[in-house]
Amino acid sequence: MRVAVIGGGVVGCMTSYYLHQKGYQVTLFEKEADVAEHASLANASTLHFSYIMSLGSPYLLKNMHKVLLRQSEAMQIKNYFDMSFWAWALRLLPYCRKSAYETAQNTLIELAQKSKTLFAGIRECENIDFDFKDNGKLALYDNQCTFEWVQKYVDRLKKFDVPADVLTQEQAFEKEPALNGSKKSFVGGVYYPDDAFGDCQKLCRGLTAKMKKSKTFTLKTNTPVKDIVTEGEEAKAVLTKEGLEEFDQIAVCTGAYMDDVLKSVGINECLYPIKGYVMTFDRDKSFTYPAHNITDDGTATVMLPLGKRFKVSSFVHFNGYDTTFKDDIIRKITRNLHNIFPDMPVKNVNLANDFRPYAPSGVPIVKQTKYKNVFVNLGHGRYGWTLSAVTGHNVANLMSDKAA
Ligand SMILES: Cc1cc2nc3c(=O)[nH]c(=O)nc-3n(C[C@H](O)[C@H](O)[C@H](O)COP(=O)(O)OP(=O)(O)OC[C@H]3O[C@@H](n4cnc5c(N)ncnc54)[C@H](O)[C@@H]3O)c2cc1C
């Protein structure tokens, strides 16, 4: 059985991995020179096995005016004239209703817990070093309303037997002593012991390098898929610069890049590219870094030590496919970081940005398309690194079931 996987981000790599495990002959097509060069590189590295909060929610509805009126620096509409944003926002709105929110939220928690188990399996079987650390996540809140909403989320987690501890600021700072110099004060925090972090790009490279050693996996980088050739209800081949290549099944894992090629075969999911930034720099031996993943909810800033580097991710911007950096972005992210860790040295900064491919429900789209042998695994939003294992696993199962 020959299968094409289009898109070599973490979702395409995981999809390839589980298909390969099932004995498929897998070809992974990636338009860039290596795997995981887009969102799968520019992410905050967190494995949100328990802190996986749906964007569409009654809470968002209540605070929508802050986003609409640009009152929050962390989450901002940058381009009011972007019609694709408003079309997507209208589709998000129904998920702010209590019942729809609860369904999506519960689904996300269940998926994340399954992903946790699958990640444990990958770590055990593949033995790939990707700077994985599973000492939990400490989220800090500076707003009483948000903190109360989050406590409701913690109660929900308990129904799924997922641990989370509500802490006072003192308890939070005791858990992570590096916070003691913080210039900012908080109304409280939540510690999520199930959460972990690791380098997404390293795992993608490690998995594909291992699969490449077998005869049943081919990685074609620098090879954008230009078209999917169909006949009746089936896809026959993919078109690349090398010409046509025939496959029995195709999995589309192109992240936020829903290009015209995919639309031409009727794959037209409503995804919005939510822009975020990530800053990475080398750690200085003289400084004591936090051991945990620290998240300042008020500024949407995630800070963590990743191998020999330190990583800071910030901002949720609605600005279409704009990839430009504003000159002051490093300054703003550094300011957010220094509010928490005032003396942390920030040198030799590497800055990246990319898009969270957001489905309106917040739940990834894993399904068969109108072509019976074409499947999608898309729309992982801000949790794609976390959910890549479970959706890769699920789409591989779906594809083999349908083939049978
Ligand atoms: C700032 C930021 C912080 C984030 N933080 C976290 C986090 O802490 N934890 C978490 O779980 N998630 C996080 N995410 C979300 C996560 O990174 C994404 O959901 C995930 O990487 C999406 O993976 P993907 O494979 O779908 O997309 P991508 O990584 O974008 O991969 C898609 C790939 O498809 C390729 N492609 C597209 N079209 C074609 C074509 N026609 N032919 C061949 N190749 C093609 C692209 O080149 C690309 O490599 C964050 C995202 C951002 C931007």
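**Close-up views of the ligand shell and strand β5**

**View 1. Strand β18 gives the most to the shell around the ligand, with 4 residues.** This is a predicted model, and we begin at its ligand. Besides β18 (350-358), the elements that each supply at least two residues of the shell are α1 (10-21), β14 (272-282) and α10 (384-403). In total, 44 residues surround the ligand. Look for G7, G9, G255, G276 and G384, which are the closest.

**View 2. Two domains meet the ligand with a mixed set of residues.** Domain 1 (2-40 + 202-270 + 362-403) provides at least three residues of the shell, and so does domain 2 (54-193 + 271-358). By residue class, the shell holds 18 nonpolar, 18 polar and 8 charged residues.

**View 3. Strand β5 (residues 137-141) is largely enclosed by the rest of the structure, because 5 of its 5 residues are buried.** Both of its faces are covered. On one side sit K137, A139 and Y141, and on the other L138 and L140, all of them buried.

**View 4. Strand β5 is joined by bridges to β7 and to β15.** Follow β5 to β7 (residues 188-192) and you will find an antiparallel pairing with 5 bridges. Here A139 has V190 of β7 as its bridge partner. With β15 (residues 293-296), β5 instead runs parallel, and 4 bridges join the two strands. A handy place to spot this pairing is L138, which stands opposite I294 in β15.

Conventions: Residues are numbered from 1 along each chain as its sequence is written. This is a predicted model: local features need pLDDT of at least 70, side-chain atom pairs count only at pLDDT 80 or more; totals for chains, interfaces and linings use all residues. A residue is near a molecule or strand if its C-beta atom, placed from the backbone, lies within 6 Å of it. Ala, Val, Leu, Ile, Met, Phe, Trp, Tyr, Cys and Pro count as nonpolar, Asp, Glu, Lys and Arg as charged, and the others, Gly among them, as polar. Domain bounds come from an automatic or database domain assignment. A residue is buried if 20 or more other C-beta atoms lie within 10 Å of its own, exposed if 12 or fewer, and partly exposed in between; C-beta atoms are placed from the backbone. Two strands pair if DSSP finds at least two bridges between them.
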